[in-house]
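Subject: Handing over a structure

Hi,

Here is the structure I promised to pass on to you. Please have it open while you read, and take your time with it.

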Amino acid sequence: TVSFTDKHLRERIGTITRLNTKTCSIICEGEQWRVSPALLRKIIDL
């Protein structure tokens, strides 16, 4: 489980589904996002 900030400055929390060298595919509340791994933060507890 990871979090990131989208372009509207909202905090998104989701699960990584695919990990590539330049992007990660993440499922957040039914939406799919492609995010750079540098922007991700690991979530330990919700």
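Below are some notes on the sheet, the side-chain pairs and two loop residues.

First, how to read the notes. This is a predicted model, in which local features need pLDDT of at least 70 and side-chain atom pairs count only at pLDDT 80 or more, while totals for chains, interfaces and linings use all residues. Residues are numbered from 1 along each chain as its sequence is written, and side-chain values use heavy atoms, with hydrogens and water left out.

**The sheet**

A good place to begin is the open sheet of 5 strands, whose order is β4-β3-β2-β1-β5 with antiparallel pairing. Strands here are DSSP runs of E with at least two residues, numbered from the N terminus, and two of them pair if DSSP finds at least two bridges between them. The edges are taken by β4 and β5 (41–42); each has a single partner strand, so one side of each is left without a neighbour in the sheet.

At one edge, strand β3 (residues 24–28) pairs with strand β4 (residues 31–35) in the antiparallel sense over 5 bridges. If you would like a point to find on screen, Ile 27 has Gln 32 in β4 as its bridge partner. The hairpin of these strands has 2 residues between them.

At the other edge, β1 and β5 are joined by 2 bridges, again in the antiparallel sense. There, Ser 3 has Arg 41 in β5 as its bridge partner.

**The aromatic pair**

How many aromatic pairs does a search of the whole structure find? The search finds 1. The partners are Phe 4 and Trp 33, arranged edge-to-face, with 5.5 Å centre to centre and 65° between the planes. Rings of Phe, Tyr and Trp (its six-membered ring) pair if their centres lie within 6.5 Å; planes under 30 degrees apart count as stacked, over 60 as edge-to-face, and the rest as tilted. This pair links distant parts of the chain, with Phe 4 in strand β1 (residues 2–5) and Trp 33 in strand β4, 29 residues apart.

Phe 4 is buried, at 3% relative accessibility, whereas Trp 33 is partly exposed, at 23%. For these words, buried means under 20% relative accessible area, exposed means over 50%, and partly exposed is in between (1.4 Å probe, protein chains only).

**Salt bridges**

The structure holds 5 salt bridges; the term stands for a side-chain nitrogen of Lys or Arg within 4 Å of a carboxyl oxygen of Asp or Glu. One of them joins Arg 12 and Asp 6, with the closest N and O atoms 3.2 Å apart. Arg 12 is buried at 12% relative accessibility, and Asp 6 is buried too, with a relative accessible area of 6%.

Arg 12 also meets Glu 29 in a salt bridge of 3.6 Å, N to O. That pair links distant parts of the chain: Glu 29 lies in the loop between β3 and β4, and Arg 12 in strand β2, 17 residues apart. Asp 6, Arg 10, Arg 12, Glu 29 and Glu 31 are linked in a network of salt bridges.

Another salt bridge runs between Glu 11 and Arg 41, whose closest N and O atoms are 2.5 Å apart. Glu 11 belongs to strand β2 (residues 11–19) and Arg 41 to strand β5, so to speak two distant parts of the chain, 30 residues apart. Glu 11 is partly exposed at 46%, and Arg 41 is partly exposed at 38%.

**Around Glu 31**

Glu 31 sits in strand β4 and is partly exposed, with a relative accessible area of 38%. Leaving aside neighbours within four places in sequence, Glu 31 is in contact (heavy atoms within 4.5 Å) with Arg 12 and Ile 26.

**Two loop residues**

Most residues other than glycine have a negative phi. Which value does phi take in Leu 9? Phi of Leu 9 is positive, near 65°. Leu 9 lies in the loop between β1 and β2 and is exposed, with a relative accessible area of 73%. Glu 29 likewise has a positive phi, of about 45°, although it is not a glycine. Glu 29 counts as exposed, at 61% relative accessibility.

Happy browsing, and best wishes!

Key:
Helices (H or I, at least four residues) and strands (E, at least two) are DSSP runs, numbered from the N terminus.
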